[in-house]
Structure formats: structure tokens, C-alpha cells
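Grab a pencil and have a look at the model below. A few short exercises follow, each with a worked solution.

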Amino acid sequence: MRLNARLLLALAVGCLCEVLPAQASPPYPDILYLRFNEGAGSSVTNLAQPGIGSTLTFSAPSPSGWSWITAGQPLGGGAFRNGSSTTDGLIVGPAPIAATPSFTIEAWTPVPGPGAYHYLVSNGCFGALNHLRFLIITATNPPLVSFGYGGYTHNWIINSALVPGAWAHLALVVDASQSQVSLYANGNLVGSQAIILNFGFQILQSTGFAIGATMPASCGVPLGPSAGIDELRIWSGARTQAQIQSTYLSEIAIAQRSMRLGTNGIATGLLP
């Protein structure tokens with residue numbers, strides 16, 4: 001008589017109950033997915049399923065602050081260009097973001113010129129307990145990609161992937177089960193570091209966060225020159241290198257939902 005692997009495992013632990021496989025990561029971003037393909041106007045689209053269901057607000061009027069990129073972006077019909085001040089970004093939340101100890105943030109971005117602090121995602125002021133930041137710093141030599149939370153900071157030097165003016169894909173993976181944070185550039189592992197605090201993405205539940213800027217602007221963090229962001233994806237769970245490589249060079253085909261922004265910059269409703 002031959003026994004299958006699941007039955008043998010159940011017998012080994014003294015139980016004939018079903019042995020379930022590990023839960024797979026969702027095939028699409030389930031917290032936030034912004035393609036920034038609009039290329040004009042003041043509507044942005046969140047494709048995430050189930051998504052955060054939050055209010056999206058441009059924090060500065062175009063064209064004096066943020067603007068659109070419609071040529072040279074790696075994917076799709078457009079990208080988002082943040083301005084050069086701390087208020088020229090896109091505000092998300094406060095939002096009913098599900099608490100998750102592990103998460104992944106991915107984005108394409110053109111590397112800014114010297115002297116920049118280019119924020120991809122940020123909330124709160126440095127040192128605050130609920131503060132999270134993910135940014136490129138070209139004010140240092142060599143330039144860095146930096147991730148921080150509270151008063152803790154993790155930096156990676158990636159000269160080969162940080163070519164000023166060239167687009168690069170960055171993926172930040174926080175894996176609470178392994179107590180580590182990893183950075184990938186263009187699908188390649190830059191390095192992993194031990195995290196001091198398993199804080200989880202729940203720190204953004206009540207505060208919201210800014211894309212392409214700091215929040216609040218009173219933090220006084222320098223920015224500029226303006227850069228850009230495309231294909232911003234936030235997932236619950238820690239994605240593997242193979243998963244990142246399988247999707248970062250293409251858009252993810254899922255049903256589209258759009259936030260329509262009113263004249264005051266506040267979303268007035270979901271579009272079909």
C-alpha cells in the first residue's frame with residue numbers, strides 16, 4: 001500500500017486531519033495599485049482588489065505642483081510626476097487598510113538628479129512612532145535607497161541601478177516571519193537586513209500616507225528636484241523574488257475602478 005505525502009505527514013504528527021498548503025500571495029496588489037495611465041486631468045485609478053477604499057487627494061494644483069508624465073515611462077500611457085516641495089504629492093487616506101505584519105511596496109521611478117530626497121511613500125515626521133518612509137536619496141555620495149520606520153533606518157547602496165534620469169524598478173519587502181526587510185532593484189536582490197521592530201503596515205491605518213511627498217509638510221524634509229512614480233503597487237504579504245520578477249515588467253490585468261476627484265481635490269465617488 002502506498003500512502004500519499006499528506007497522509008504520511010498527518011500520521012507523523014498523530015493526526016488524520018487535512019494538511020493545508022501554505023497560502024499563496026494574491027496575483028494582484030490587494031492594498032493599492034496605481035497605474036497613473038490617465039496622463040491628463042485630475043482623476044486617479046486604484047485597481048487594487050479589494051483595495052483600500054480611501055479618499056485620494058492631489059495636495060497641490062497642477063501644473064504648479066504635480067504633473068503628468070506621458071513619454072518615456074516604462075509601462076502604460078502615463079506616470080505621475082511629483083513636484084519639488086513637500087506638498088506636491090498625492091495623499092491617500094486615512095484608510096481602512098487591513099493590518100498586515102508583512103507587506104511589499106513596488107514602484108517604477110526615474111532616478112532624480114543630485115541633491116534630491118525623492119519620497120515614494122511617506123507618513124508622519126522622522127522619529128515618530130507611526131512614521132514610515134521609502135525614498136531615494138541622491139544628496140549623499142554614493143546615493144542610497146532608504147527605508148525607515150519610527151527612528152529606525154535601513155539604507156542600501158545601489159550605484160548600478162541608480163542612474164540619474166533612468167527609470168528603475170524598486171521593490172521593498174518586509175517579511176515579519178523572517179524578521180527582515182529586503183530591497184530589490186530591477187528584479188535583483190540588493191540585500192536583506194534584520195528589522196528591529198515587526199510593526200506591520202497597520203501603522204498607516206489611521207494616519208494615511210503621501211505618495212511623492214512627505215506628510216505632513218511641516219516635517220520640513222527637503223525634496224527636489226521633481227521626479228516621478230509609475231506602477232505603484234502595495235501588497236499584503238512578503239513577495240518572493242520570483243513573484244516580483246514575474247510582474248514588474250508588465251501591467252497587471254485586473255478589473256478597473258476609478259476615483260473621481262472633485263474641484264477641491266477630494267474624491268466624489270467611485271466610477272464603474
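Here are some ground rules, then three exercises.

This is a predicted model, where local features need pLDDT of at least 70, side-chain atom pairs count only at pLDDT 80 or more, and totals for chains, interfaces and linings use all residues. Residues are numbered from 1 along each chain as its sequence is written, and side-chain values use heavy atoms, with hydrogens and water left out.

**Exercise 1.** Work out how many helices and strands the protein chain has.

*Solution.* Start with the terms: helices (H or I, at least four residues) and strands (E, at least two) are DSSP runs, numbered from the N terminus. On that basis, the protein chain has two helices and 18 strands.

**Exercise 2.** Find what share of the residues is buried, and what share of the contacts is long-range in sequence terms, 24 or more positions apart.

*Solution.* Buried means under 20% relative accessible area (1.4 Å probe, protein chains only). By that cut-off, 51% of the 272 residues are buried. Next, a contact means heavy atoms within 4.5 Å. Taking contacts with a separation of 6 or more, 65% join residues 24 or more positions apart.

**Exercise 3.** Track down the salt bridges and say where their residues sit, buried or exposed.

*Solution.* Look for a side-chain nitrogen of Lys or Arg within 4 Å of a carboxyl oxygen of Asp or Glu. The whole structure gives two hits. One pairs Glu106 with Arg239 at 2.7 Å, N to O. Glu106 is in strand 7 (residues 103-110), while Arg239 lies in the loop between strand 16 (230-236) and helix 2 (241-247), 133 residues apart. Both Glu106 and Arg239 are buried. Another pairs Arg233 with Glu231 at 2.6 Å, N to O, and these two residues are buried as well.

Notes: Buried means under 20% relative accessible area, exposed over 50%, partly exposed in between (1.4 Å probe, protein chains only).
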